[in-house]
Amino acid sequence: MQMFSHQLYVGVLVALCVGGAPRRASAAACEPIRIPMCRSMPWNITKMPNHLHHSTQANAVLAIEQFEGLLSTGCSPDLLFFLCAMYAPICTIDFQHDPIKPCKSVCERAKCGCEPVMRRYNHTWPESLACEELPVYDRGVCISPEAIVKADGPGKAKGGHRCKCKTVRLGSKTYLKNNYNYVIRARVKEIRTRNHDFSAIVEVKDILKSSLVNIPRDTVTLYYNSGCLCPPLAANEEYIIMGYESEEQSRLLLIEGSIAQKWKDRMGRKVKVLQMFLVSRLISLLC
């Protein structure tokens with residue numbers, strides 16, 4: 001059986017948070033991962049039953065494959081890691097009795113990024129993957145992408161590779177296809193990072209669209225869902241920003257497909273034209 005390399009094994013254990021001494025007990029042995037979607041993970045051994053109570057990897061494969069379509073949208077860079085940590089949990093010698101769970105923050109990042117996409121197709125985040133019961137980094141034992149690879153700061157992705165943000169330009173096709181929850185004109189006051197997560201503190205100048213969350217004309221926080229500053233924002237610059245809302249958490253999100261372009265007066269007029277076109281289109285469909 002191929003075990004961790006010494007370097008990876010140490011990297012995992014250093015970043016795991018231990019709320020108490022791990023229990024050593026005789027348990028089923030670790031087994032090589034045979035779930036195709038999870039073979040790219042930085043661990044290669046797992047233990048059944050998993051956190052979803054699948055007794056074999058064959059059963060787990062059938063269940064995890066339902067997320068292939070969601071993964072293809074790129075809604076969250078944390079989604080695959082989170083799913084594999086649930087369906088093919090990491091197994092180590094010290095934690096064989098209870099496989100290590102993913103951290104609550106990993107679940108929340110995946111949910112914040114992907115639930116808006118799921119809602120477009122009348123689906124919600126599965127109760128079986130609820131984030132509430134997962135351990136918090138500073139109060140239990142859990143694993144996250146940061147536990148294995150190190151983030152090197154803004155402008156770089158986890159592992160030291162520079163982020164490659166997809167450029168999304170404002171146009172009628174993009175606007176209609178992406179169905180943004182909010183559109184605002186805002187000046188960026190500050191970019192913050194905490195536990196490898198980015199957020200942007202912005203001063204709202206104008207609200208062109210708001211769907212689920214009450215947006216004050218004041219200072220608000222926009223939450224990224226990855227270790228990359230995509231779409232990129234710079235302090236003291238004014239932008240037109242289009243993104244999604246988490247009604248459950250009353251958050252404004254910057255996720256895959258969000259737009260942030262430096263403000264020009266004609267952009268406001270363009271958005272209003274697009275909104276009028278969208279309304280007229282909906283009316284025509286209803287009639």
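Hi everyone. Let me start with α5: this helix gives the lining of the largest cavity its biggest share, five residues. What we have on screen is a predicted model, so I'll come to confidence after the cavity.

How many cavities of 30 Å³ or more does the structure hold? Just one, and its volume is about 80 Å³.

Now, who lines this cavity? If you'd like to click along, the residues are Lys-111, Cys-112, Glu-115, Pro-116, Arg-119, Leu-212, Glu-245, Ser-246, Glu-247, Glu-248 and Leu-253. Two elements supply at least two lining residues each: α5, which runs over 104-120, and β8, which covers 238-246.

And what sort of residues are they? Six of the lining residues are charged, four are nonpolar and one is polar. Glu-115 and Arg-119 are among the residues in that lining, and so is Ser-246.

On to confidence. Across the protein chain the average pLDDT is 77, with 72% of the residues at 70 or above. Which elements sit at the two ends of the scale? Helix α4, residues 79-87, has the highest mean pLDDT, 96, while helix α1, residues 6-15, has the lowest, 32.

Two stretches deserve a friendly warning. Over residues 1-27 the pLDDT stays under 50, and the model has 54 contacts there beyond four places in sequence. Residues 149-162 also stay under 50, with 26 such contacts in the model. Where pLDDT is low, please don't read the predicted coordinates in detail.

That's my tour, thanks for listening!

Technical notes:
Residues numbered from 1 in each chain as written. Predicted model: local features only at pLDDT ≥ 70, side-chain atom pairs only at ≥ 80, totals over all residues. Heavy atoms only, no water. 1 Å grid on protein atoms, 1.4 Å probe; cavity = no way out; pocket = protein on both sides within 12 Å on 5 of 7 lines; lining within 4 Å. Points joined across faces, edges and corners; volume = space filled by probe spheres on them. Helix = DSSP H or I, 4+ residues; strand = E, 2+ residues; numbered from the N terminus. Nonpolar A, V, L, I, M, F, W, Y, C, P; charged D, E, K, R; others polar. pLDDT = per-residue confidence, 0-100. Contact = heavy atoms within 4.5 Å.
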